[in-house]
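User: I'd like to go through the labels on this model and hear the reasoning behind each. Can you take me through them?

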Amino acid sequence: MKCAKCNGDVQDGMQYCPHCGTKIVKCPYCGQLIYPSSQFCHHCGRTLNDDQNYYNENTQKRESSIGGYYKPLDQDDHYNHQSYDYNNSDYYNTYDDPNYANYEKPKKKINILLIVGAVIVLVALSGLSYWYLYYGSSSSSNNVGEYYEDDSNTTTVANLTISGTTSYASQIGNNIQGGYVYQTDDKIYMQNNNGYLVSMDYDLSNQTVLLEDDVSYINVTDDKIYYCDSNYILHSMDLDGSNDTTYFDDEDVYYVNVIDNMIYYQLDSDSESIYVYDIEAKTSKQITDHQSYNINVVDDVIYFTGSDGIYSVSSSGQGEEKLISGEVDNLIYSNGKLYYCIDAVIYSYDVSTKETTTITEGCLFNMTDEYLFYYTSSYVLYRYDISTGQSTSIYTGYISDASICGDKLVLTTYSSSGYEKVLLTFDGTQQQQIFTELTTDSGDYV
């Protein structure tokens with residue numbers, strides 16, 4: 001086996017890499033070595049918080065079904081965020097779910113000095129982070145590089161305003177990550193730090209909580225807001241939050257796309273296959289009959305990933321075709337190309353010429369028509385310029401998702417105080433907490 005960090009040879013039974021000292025952690029789904037703090041496996045592409053699976057060392061197989069939802073860590077109610085240890089491989093299996101009642105966790109040697117040292121470092125870094133957020137804009141130096149040892153960008157705290165429109169590629173990227181942000185002509189709808197549904201103006205003012213529940217897959221039409229609740233049951237409500245309606249007999253659904261008068265979605269209970277629902281006729285039709293993830297609806301074609309590659313099918317369910325083989329993580333269509341990730345390498349596939357191009361190493365998060373945003377195991381978010389092929393680091397720190405709203409990124413970040421939504425410019429030079437009250441003069445947090 002190969003170490004996930006240094007790629008050195010690791011023998012079975014080793015608890016630490018003999019070359020770099022990294023803790024040996026295996027993906028709970030495929031059993032391959034992964035970096036201890038990874039939020040997804042760079043071998044099989046699965047997120048590491050799906051409470052329906054684990055890797056059985058005896059059978060060498062995943063038990064139960066493959067989870068069909070790219071779910072950021074902050075959305076899992078099974079976790080106790082105050083107690084888990086990111087450097088502990090048992091962290092991936094610390095669920096309250098009864099499916100784990102008979103799962104015997106591996107015995108491990110605990111390195112007390114390492115844990116104590118990590119806690120001290122975490123406290124110190126948290127203190128520096130708070131100092132930066134609260135006083136950085138008025139300080140003589142706001143260089144993120146002084147803290148993260150990366151002087152590629154300078155970040156300041158400022159009152160930011162969202163402008164421009166969200167491209168269709170970005171809407172696809174937002175939806176695949178959970179659909180936490182949606183932009184209309186006059187409002188922004190998004191999940192706040194508590195997971196609640198909030199509407200606001202483009203300058204982040206007039207924030208109104210429409211629903212106190214953990215929401216995802218937000219879609220907004222002229223007169224309705226569609227969303228999934230904490231149990232992934234689809235609802236709609238009027239724009240003011242009234243007249244709530246549920247759909248699909250309280251079935252779990254994912255990757256919800258509301259387009260014109262149709263709702264495209266993955267039905268979890270039916271082999272995680274794709275369905276389409278006619279809102280006026282109130283009828284559903286199955287489009288695929290197998291596991292389907294990362295749904296991209298592009299005109300009359302649907303691109304999606306299965307357990308073994310990338311597929312296309314017409315919106316009527318005809319002419320299904322396999323385009324790419326492999327275990328794919330994320331899939332975004334933009335300007336005639338499919339962008340996707342296999343084994344922590346990002347590729348593009350031209351749907352006309354069927355040509356595949358290797359872009360860069362990393363895990364694809366989101367994209368616009370001009371830029372591709374990807375994340376690395378060292379917790380660095382990069383912006384890749386599609387026209388020039390140049391990568392620029394724009395943010396360093398733990399994030400669970402990166403949505404795009406107009407001309408800004410909406411990051412879900414994590415610190416010792418919990419999860420926070422941060423607005424970031426595409427070049428990484430300005431950032432602002434979204435759900436923190438601001439002053440009207442200096443832009444500092446209060």
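User: Let's start near the beginning of the chain. Where does Lys23 lie, and what makes Lys23 count as buried?

Analyst: Lys23 lies in the segment before β1 (25–26). Keep in mind that this is a predicted model. The relative accessible area of Lys23 is 13%, and buried means under 20%, so Lys23 earns the label. As for its place in space, Lys23 and Leu33 are 10 residues apart in sequence and 9.9 Å apart, C-alpha to C-alpha.

User: How do you know that Asp238 is buried?

Analyst: Asp238 has a relative accessibility of 19%. The cut-off is under 20%, so Asp238 counts as buried. Asp238 is found in strand β12 (residues 234–238). Leaving aside neighbours within four places in sequence, Asp238 is in contact with Asp223, Lys224, Ile225 and Asn243.

User: And why is the link between Asp238 and Asn243 called a polar contact?

Analyst: Their side chains are joined at 2.4 Å, and a polar contact needs N or O atoms within 3.5 Å, so the pair qualifies.

User: What makes Ser400 buried, and with which side chain does Ser400 make a polar contact?

Analyst: Ser400 has 0% relative accessibility; set against a limit of under 20%, that counts as buried. Ser400 lies in strand β30 (residues 399–405). Its side chain makes a polar contact with the side chain of Asp401 at 3.2 Å. Those two are adjacent in sequence, and such residues count only if both atoms are side-chain atoms, so this side-chain pair is fine.

User: On to charges. How many salt bridges does a search of the whole structure find, and why is the meeting of Asp201 and Lys187 called one?

Analyst: The search finds 5 salt bridges. Asp201 and Lys187 meet at 2.8 Å, N to O, and the cut-off is within 4 Å, so the name fits. Asp201 lies in the loop between β8 (197–200) and β9 (208–211), and Lys187 in the loop between β6 (181–183) and β7 (188–191), so the pair ties together parts 14 residues apart in sequence.

User: Are Asp201 and Lys187 buried or partly exposed?

Analyst: The line falls at 20%. Asp201, at 18%, counts as buried, whereas Lys187, at 22%, counts as partly exposed.

User: What makes Lys322 and Asp308 a salt bridge?

Analyst: Their side chains meet at 3.3 Å, N to O, and the limit is within 4 Å, so they qualify. Lys322 is in strand β21 (residues 321–325) and Asp308 in the loop between β19 (301–306) and β20 (309–314), 14 residues apart. Lys322 at 36% and Asp308 at 34% both count as partly exposed.

User: How do you know that Lys354 forms a salt bridge with Glu321?

Analyst: The closest N and O atoms are 3.7 Å apart, and the cut-off is within 4 Å, so the pair counts. Lys354 is in the loop between β24 (345–350) and β25 (356–361) and Glu321 in strand β21, 33 residues apart.

User: Finally, the sheet with the order β14-β15-β16-β17: why do β14 and β17 stand at the edges?

Analyst: This is an open sheet of 4 strands with antiparallel pairing. β14 (253–259) and β17 (283–286) each have a single partner strand, so one side of each lacks a neighbour in the sheet. The twist averages 20° from one strand to the next.

User: And what makes β16 and β17 a pair?

Analyst: Strand β16 (residues 273–278) and β17 share 4 bridges, and pairing takes at least two, so they pair, in the antiparallel sense. Among the bridge partners are Tyr277 and, in β17, Ser284.

Conventions: Residues numbered from 1 in each chain as written. Predicted model: local features only at pLDDT ≥ 70, side-chain atom pairs only at ≥ 80, totals over all residues. Heavy atoms only, no water. Helix = DSSP H or I, 4+ residues; strand = E, 2+ residues; numbered from the N terminus. Axes fitted to C-alpha atoms, helices over the stretch in contact; angles between N-to-C directions. Buried < 20%, exposed > 50% of the residue type's maximum accessible area, 1.4 Å probe, protein only. Polar contact = N/O pair within 3.5 Å; in protein donor to acceptor, adjacent residues only side chain to side chain. Contact = heavy atoms within 4.5 Å.
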